[in-house]
Amino acid sequence: GSVFASLVQAPEDPILGVTVAYNKDPSPNKLNLGVGAYRTEEGKPLVLDVVRRAEQLLVNDQSRVKEYLPIVGLADFNKLSAKLIFGADSPAIQANRVATVQCLSGTGSLRVGAEFLARHYHQLTIYIPQPTWGNHPKVFTLAGLSVKTYRYYDPATRGLNFQGLLEDLGAATSGAIVLLHACAHNPTGVDPTLEQWEQIRQLMRSKGLLPFFDSAYQVVALVVWWITGGQIENMLGFASGSLDADAQPVRMFVADGGECLAAQSYAKNMGLYGERVGALSIVCKTADVASKVESQLKLVIRPMYSNPPIHGASIVATILKDSKMYDEWTVELKAMADRIISMRKQLFDALSARGTPGDWSHIIKQIGMFTFTGLNGEQVAFMTKEYHIYMTSDGRISMAGLSSKTVPHLADAIHAAVT
Ligand code: PLP
């Protein structure tokens, strides 16, 4: 018999397993709203034009070789990534207080950051929001951290449980790590306001809590906000929808001179999902500490995967360092955001037209790719069985997976599920 004969069959991943189930369904009306990947109105994956052009430039450049990157990845990419999240004029960057390493997308950046903390930080407890992205507890636990939660979402208001959040962080062990979604919280689409962020910052700094930002949706979230006529102008005090603004909470924590970690992903905002491009930055108090931190990050990375892949990071660096390509990127992002917002409006209108009981305004209020519908596991199971609509059991739907053609089908299903 096999030496592995005693293994039990592991369950599918709760998020990726949705697609596995979807693929098995022969129905022509089936709809996959489980994945967090952008789709066109025709339901097709999208490669940005600016990404195609960057790839052409890379392919045509005969001087490019396939040598190993350094352990920390592509130097240009790391500099540009830090600038994107902390701002071009960030004092921390200018003072060389930021250690940035290229990692395997957002997940890999979180994992490397967590392994580093498990080895070198004095507090092994990390607080994550309730709810959060399903992979967070697993990444942090396997890295050797001990995971606790803080209240975040209030199902009654379908908004932020700010009081609960302040109470839980206020009661947290001093020095503990706190995972914060930089923007477009997944799965709820609910973010604190900048005023609330400021209160969170003051509380965390007063208790010596260490912020670990997960930034999987930078720029995407802001564009959505900006074109919904959101509060961005009031909040930030300037007239143009600067694409930098949705990294603002991160920058508030950097501006106070304190330390923090940030994991960035280019999966959603450049559509580079499968290229696995991301960065981990650790902002330190001094350049000397940052240099030591980087040296220790190398010791985490080297035995894990030695060094990161070159192609995706080269695409990102090509786009970010060319102002014309950067602008084209933001225009394409705006088109993606426009479509997501239009889907939010269409779904909200379709439910209104059906007289579906309940308040559905959260569909147009929530930020980012997902709507946290408030549908429960039973209702989700009903929609999958009767309408062949696939989504995670927490009722999260990806607005990017919808189209004008499929909105009525989804609205019928939601209507039937709640009546
Ligand atoms: N963090 C959050 C909140 C996410 O939603 C995701 C992806 O869905 C990730 C991190 C990691 O994504 P990736 O590893 O593909 O960059």
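1. Burial and overall build. In this predicted model, 46% of the protein's 419 residues count as buried. Contacts with a separation of 6 or more come 76% from residues 24 or more positions apart.

2. Secondary structure and compactness. You will find 17 helices and 13 strands in the protein. The radius of gyration is 21 Å, close to the 22 Å of the globule rule for 419 residues, so the protein is as compact as a globular protein of that length. The C-alpha trace spans about 70 × 60 × 55 Å along its principal axes.

3. The sheet. A nice place to look next is the open sheet of seven strands, which runs S2-S10-S9-S8-S7-S3-S4 with mixed pairing. Strand S2 (98–104) and strand S4 (146–151) are its edges, each pairing on one side only. From one strand to the next, the twist averages 25°.

4. A helix on the sheet. Helix H12 (residues 287–305) packs on this sheet, where H12 touches S2 and S10. The direction of H12 makes about 20° with that of S2.

5. The S9–S10 pair. Six bridges join strand S9 (residues 260–265) to strand S10 (residues 277–283) in the antiparallel sense. To follow the register by eye, take Ala263, whose bridge partner in S10 is Leu280.

6. Around the ligand. The shell holds 13 residues, of which Ser105, Gly106, Thr107, Ala216 and Ser265 come nearest to the ligand. Which helix gives the most to this shell? That is helix H5 (residues 105–120), with three residues. By type, the shell has eight polar residues, four nonpolar and one charged.

Definitions and conventions
Residues numbered from 1 in each chain as written. Predicted model: local features only at pLDDT ≥ 70, side-chain atom pairs only at ≥ 80, totals over all residues. Near = placed C-beta within 6 Å. Helix = DSSP H or I, 4+ residues; strand = E, 2+ residues; numbered from the N terminus. Nonpolar A, V, L, I, M, F, W, Y, C, P; charged D, E, K, R; others polar. Pairing = 2+ DSSP bridges. Axes fitted to C-alpha atoms, helices over the stretch in contact; angles between N-to-C directions. Contact = placed C-beta atoms within 7 Å. Rg over C-alpha atoms; globule rule 2.2 N^0.38 Å. Buried ≥ 20, exposed ≤ 12 C-beta atoms within 10 Å, placed from the backbone.
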